[in-house]
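Me: I would like to go through this model with you and ask, for each label, what the label rests on. Please set the values against the cut-offs where a conclusion depends on them.

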Amino acid sequence: EQGLKLGIYCSPWDRHEPCYADPAAYDRFYMMQWMELLGNYGEVAEVWFDGAGSQDHPFDWERIHRVIYHHQPDAVCFNGPDVRWVGNEDGLAPNPCWNVVDDAGTPVYRPAECDVPLRGGWFWHPDNEATRKSPAHLWDIYHRSVGHGTNLLLNVGPDPRGLLPEADVAALVNLRRGLDRAYADDLALGRDVTTSSVAGGEPRFGGQNAVDGDPRTRWHAAEESAWLEVRLPDRREVDRAVLQEWLADGERVRRWRLVADGERELAAGESLGHKQIVRFAPAEVASVRLMIEQADQPAAVRALQLFRGADPS
């Protein structure tokens, strides 16, 4: 009803299946499960694999993936060709967290997904309510997953009623409300912008595109080392920025800095990728400059946003 797309997880670790000990037979069994799931229930947006204890069991993954894409060509495979596991179940991504990774000597676009349970376990249990993560913990998870450019999968287990527990729902709603408050007022939106260069001098690549709130536009520089500066109408206090690279032409930025009023460094990093949420000590500024100090090719930036938003205590 709310437009949420369907993703399906089917564990490869079915030790109760009599043919599990025979890898070839179990591959056929496992593929038949996916054919049923992907062929009978309409569009599936994501297919979710994990090791789940089956790391030492050989699988014909190429064949399994062919079955997946035959039935759902637009589905994204987690822990497969499309999306990689971040490497922990804490919901935390490293920084930098690159979208392009090395696969047997070949660079491939395979962004990471973070997964973490709201409580201390993936399934509901009457004794684990006390393990529900605090608002501050969830806030930290969000900024170290989504804020590092990944997708966040935050698990909530249904209870014996088949419903999500009210207190768990309240925790999610509280997180959403906090994010809405912190990121409600983009101080850079529609402000004056200057840049070091624009690719081809074309207006469609101009710096104003980075502050227009439109994800379909971008500032495209003419060289690898470039800068974009946003000028505010008067001095404003800021304590965070959201930076987004234009990824349709590849992940290019390798090192960047955010500088206030031409001299004070607010933040610095390596990857920009899909999104970087950077938080820093509150600073009163008249201008903020994003400096691309290293890039594989001329940089393209989709968004530079500035905020003054309190974190939960």
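Reply: In this predicted model, the second largest pocket has a volume of about 210 Å³, and the residues that line the pocket include Tyr 142, Arg 176, Asp 180 and Phe 307.

Me: What makes Arg 176 a lining residue of the second largest pocket?

Reply: A lining residue has an atom within 4 Å of a pocket point, and Arg 176 is listed among those that line the second largest pocket. Helix 4 gives the most to this lining, with three residues, while by class the lining has six nonpolar, two polar and three charged residues.

Me: How do you know that Cys 10 is buried or exposed?

Reply: The relative accessibility of Cys 10 is 11%, and buried means under 20%, so Cys 10 counts as buried. Cys 97, with a relative accessible area of 7%, is buried under that cut-off.

Me: Why does Cys 97 form no disulfide with the closest cysteine?

Reply: A disulfide needs two cysteine sulfur atoms within 2.5 Å, whereas the sulfur of Cys 97 is 6.7 Å from the closest cysteine sulfur, in Cys 114, and is therefore too far for a bond. For Cys 10 the closest cysteine sulfur, in Cys 77, is 12 Å away, which is too far for a bond. The structure holds zero disulfides.

Me: What covers the buried residues of helix 3?

Reply: In helix 3 (residues 135-143) the buried residues are Leu 138, Trp 139, Ile 141, Tyr 142 and His 143, and what covers them includes strand 7, strand 8, helix 4, strand 11 and strand 14.

Methods: Residues are numbered from 1 along each chain as its sequence is written. This is a predicted model: local features need pLDDT of at least 70, side-chain atom pairs count only at pLDDT 80 or more; totals for chains, interfaces and linings use all residues. Side-chain values use heavy atoms; hydrogens and water are left out. Buried means under 20% relative accessible area, exposed over 50%, partly exposed in between (1.4 Å probe, protein chains only). Helices (H or I, at least four residues) and strands (E, at least two) are DSSP runs, numbered from the N terminus. Contact means heavy atoms within 4.5 Å. On a 1 Å grid over the protein atoms alone, a cavity is a set of points where a 1.4 Å probe fits but cannot get out, and a pocket is an open set with protein on both sides within 12 Å along at least five of seven lines; lining residues have an atom within 4 Å of a point. Grid points are joined across faces, edges and corners, and a volume is the space filled by probe spheres set on the points. Ala, Val, Leu, Ile, Met, Phe, Trp, Tyr, Cys and Pro count as nonpolar, Asp, Glu, Lys and Arg as charged, and the others, Gly among them, as polar.
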